[in-house]
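Student: Walk me through the charged and aromatic side chains inside this fold, and what they sit against. Take it slowly and link the pieces together.

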Amino acid sequence: MDAREGRRQTVATVVILVVLTLERLAYYALATNFFLFLNKGPWDGPQAWDSLDAMNAVFVLAGVSYISALLGGYISDACLGRFKTMVCGFLLYITGYILLTLMAVDKLPRFICPASRDPGGADDANNAPCKAAVYISVTIVGLGVGTVKSNIAPFGAEQLNTANPQRTRSFFNWFYWCINLGSLVGVCVITYIQQDCPGVCVNGFFCGYLIASVCLLVALVVFVAVMPCYQVAVPEGSVLGNIARIFWEALTAQFKHWRHPQPVSSISPLRLEPRFLDRAKIRYGGSFHESAVDDVRSLGRLLAVFIALIPYWLVYFQMETSFQAQGLHMRFSVHGEDFGNNSESLDDNLGKKFSVPAAWLTLFNQLFLIGAIPVLTTFLYPVLDRAGIRLSMLFRIGIGMVFSILAVMVAGGLESYRIFLWRTDNSTHIEQIVGNVTYHAVDISIFWQVPQYVLVGAAELFASIAGLEFAYSAAPRTFQGMIMGLFYTLEGVGSLLGTALLHLVSPFWLANTTDYGNINDNHLDFYLYFLGVLQITTFLAYCGSLYMQRFSLRPIAMPRHRSRTRRRIQRQGLLQEEDEEAEEDQDGDEEDEDENENEGQEERRNTMDRYYRYHPVL
């Protein structure tokens, strides 16, 4: 690689990583505090959304973001290419953010959000901000998020223009590092501005959304400005039609083979049975080339790995759900005053000690990743490579699963201890007020949750990064964007399954629904242990599958009933070679017999000649 090509690759990848950091900053600036924006916001209480409606809007944002990733990947592979698709995604992103920024100061056009007051002055609690404007905005933002997310990783990896696995691994490590850097700035800085309105910022949400909009606009301008440095691949058209046709042809050929077995002209000496999709190949009587069928087969392998990661995503999303619920029932304050024996609440003690918000514990996860990824990328992995030890992507995914098991088991153990103290030691009971909700907590420092957040970070360090790398490296080039979108979509499926699982087990372990500020009569620890057992089961199945793929052999077509099968094979002509050999042997024997007979006749003829020569006929 010459110096000019090296500079081109450096500029392209650095710009893409900067764009990624700004995009993640904008996303977490919205997702972290969007519930608070709708539930409280810069308007009066009567016009705010209730908790259920605000939570539904947050779910719509997350759901559209994950589902649209698959759509964005398909569009880039089939129609527009990655560069144009990302530009369209950023335009949608910025449009949605502009609507949110205008919404924060009630400057939306009235045809989108009608006036909230009637002529008599009565207030309509559902119209400030109106639901139509909110759902339109979050849908547009979600479409932009998913479109950019599914294409930025493969587009960045394509700029390296190399098959070197070490360089690809290094890129995805720094890719994930930038994700956490952007989320750290979005959570720490932008959400602080939104909540506390520092300096000249009177409306915190307006300032926060405006800053995020400017970041997205800068990201788009920088991304387009260095277009000459990009290596842009041309889309090769939709592959979904070919995938469906290959599956249909293989399925019909398999049924035809079961009903009317036919000889395979290209069968190997070991008589290996063709696999299911192989029956769509030309050499097995199908109409598709080897590479097309092998690409579709790789899709099945990718899907199997992605499905195996779903329990891992279940554990990962506990940082936003059960871990925070657990933290709300532990002591926020750095100093250990007892809130249970007096009426002094958390809000009354803000001047005496510092209180840690439960959501801030996720910062330990991000800080761990920001510190650990450079160590692995610049030190540990190169040392292992020089020693001839290379950790494969699938092996690293397995390591991440082990760390996720440890994380959820540690969280379950902490919850069991917390419940034990609540039920056996009344002196540890404290009350903490957050917003309008009183939480009945135990006098245990919230910092005891740090190990479980760090263990989740260690799981991300291996499983999440290796999963991204595997989704790019193992996917055929013709539908890399769609595979990356599928990876993110199944991540969202893991989040939805976590919600469904929580509702499924709530009648047994989380039955106290009358007091939302008290989980002490429930068994959140059982739920966490159950997730650990589910992850252990998946890990064992994952290891067994890898072992079978590495050491198993393809099945050989052996006869089940010897005489019956032999007659069937003879009728089909599969023993034609043996029959020809037998015929050749028989012909040889007949030729030998004819030759011997001819020799005998010749010998008798010579004997008669000699006899009549010396014994004339009378």
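**Inside the fold: charges, rings and core**

Tutor: Let's start with a charged residue: R169 has a relative accessible area of just 5%, so it counts as buried, the cut-off being under 20%. Keep in mind that this is a predicted model.

What does R169 pair with? Its salt-bridge partner is D385, and the closest N and O atoms are 2.5 Å apart. Look at where the two sit: D385 belongs to helix α12 (residues 362-386) and R169 to helix α6 (residues 165-196), so this bridge links parts of the chain 216 residues apart. The two ends aren't equally covered, though. D385 has 24% relative accessibility, so it is partly exposed, whereas R169 is buried.

Stay on helix α12 for a moment, because Q366 lies there too. Q366 comes out as buried because its relative accessible area is 8%. Leaving aside residues up to four places away in sequence, Q366 touches N180, S183, L184 and V187.

Back to charges. The structure holds eight salt bridges in total, and R169 with D385 is one of them. Another joins D77 and R82, at 3.2 Å from N to O. Here both ends are covered: D77 is buried because its relative accessibility is 6%, and R82 is buried too, at 8%. Pull back a little and you'll find D77 and R82 linked with E158 in a network of salt bridges. Then there's R24, which bridges to E23 with the closest N and O atoms 2.8 Å apart; R24 and E23 are both buried.

Now for a lysine doing something else. The charged end of K149 sits over the ring of Y27, 5.9 Å from the ring centre. K149 also lies over the face of Y488, with 5.2 Å to that ring centre. And Y488 has ring company: ring pairs join Y488 with Y66, F306, Y312, W313, Y316, F317 and F487 in a cluster.

That takes us to the rings proper. How many aromatic pairs are there? The structure holds 26. Take F83 and F155: their centres are 6.5 Å apart and their planes meet at 40 degrees, so the pair is tilted. F83 sits in helix α4 (residues 82-104) and F155 in helix α5 (residues 131-158), which puts the partners 72 residues apart along the chain. F83 counts as buried because its relative accessibility is 9%. F155 has a relative accessible area of 1%, so F155 is buried as well.

F155 has another ring partner, Y230: this pair is edge-to-face, 5.1 Å centre to centre with 75 degrees between the planes. Since F155 lies in helix α5 and Y230 in the loop between α7 (204-225) and α8 (240-259), this pair ties together parts 75 residues apart in sequence. Like F155, Y230 is buried.

Y230 is a handy bridge to the hydrophobic story. The largest nonpolar core has 144 residues, and those touching the most other members are F34, Y97, F175, Y209, Y230 and F306. Helix α14 (residues 450-473) is the top contributor to this core, giving 14 residues. There's also a second core, separate from that one, with six residues, among them L421, W422, V442 and I444. As background, nonpolar side chains in soluble globular proteins tend to be buried together.

To see what one of those well-connected core members is up against, pick Y97: it touches A26, A29, L30, V141, Y209, A212, S213 and L216, not counting residues up to four places away in sequence. Y209 on that list is itself one of the core residues touching the most other members.

Last, how far should you trust the picture? The protein averages a pLDDT of 77, and 73% of the residues score at least 70. Helix α13 (residues 393-424) has the highest confidence, at a mean of 93, while helix α17 (residues 562-572) has the lowest, at 51. Residues 553-562 have a pLDDT below 50, with 15 contacts in the model beyond near neighbours in sequence. Residues 607-618 are also below 50, and that stretch has one such contact. Where pLDDT is low, the predicted coordinates shouldn't be read in detail.

Methods:
Residues are numbered from 1 along each chain as its sequence is written. This is a predicted model: local features need pLDDT of at least 70, side-chain atom pairs count only at pLDDT 80 or more; totals for chains, interfaces and linings use all residues. Side-chain values use heavy atoms; hydrogens and water are left out. A nonpolar core is a set of buried Ala, Val, Leu, Ile, Met, Phe, Trp, Tyr and Cys residues joined through side-chain atoms within 4.5 Å. Buried means under 20% relative accessible area, exposed over 50%, partly exposed in between (1.4 Å probe, protein chains only). Helices (H or I, at least four residues) and strands (E, at least two) are DSSP runs, numbered from the N terminus. Contact means heavy atoms within 4.5 Å. Rings of Phe, Tyr and Trp (its six-membered ring) pair if their centres lie within 6.5 Å; planes under 30 degrees apart count as stacked, over 60 as edge-to-face and the rest as tilted. A charge sits over a ring if NZ of Lys or CZ of Arg is within 6 Å of the ring centre and within 35 degrees of the ring normal. A salt bridge is a side-chain nitrogen of Lys or Arg within 4 Å of a carboxyl oxygen of Asp or Glu. pLDDT is the predictor's confidence in each residue, from 0 to 100.
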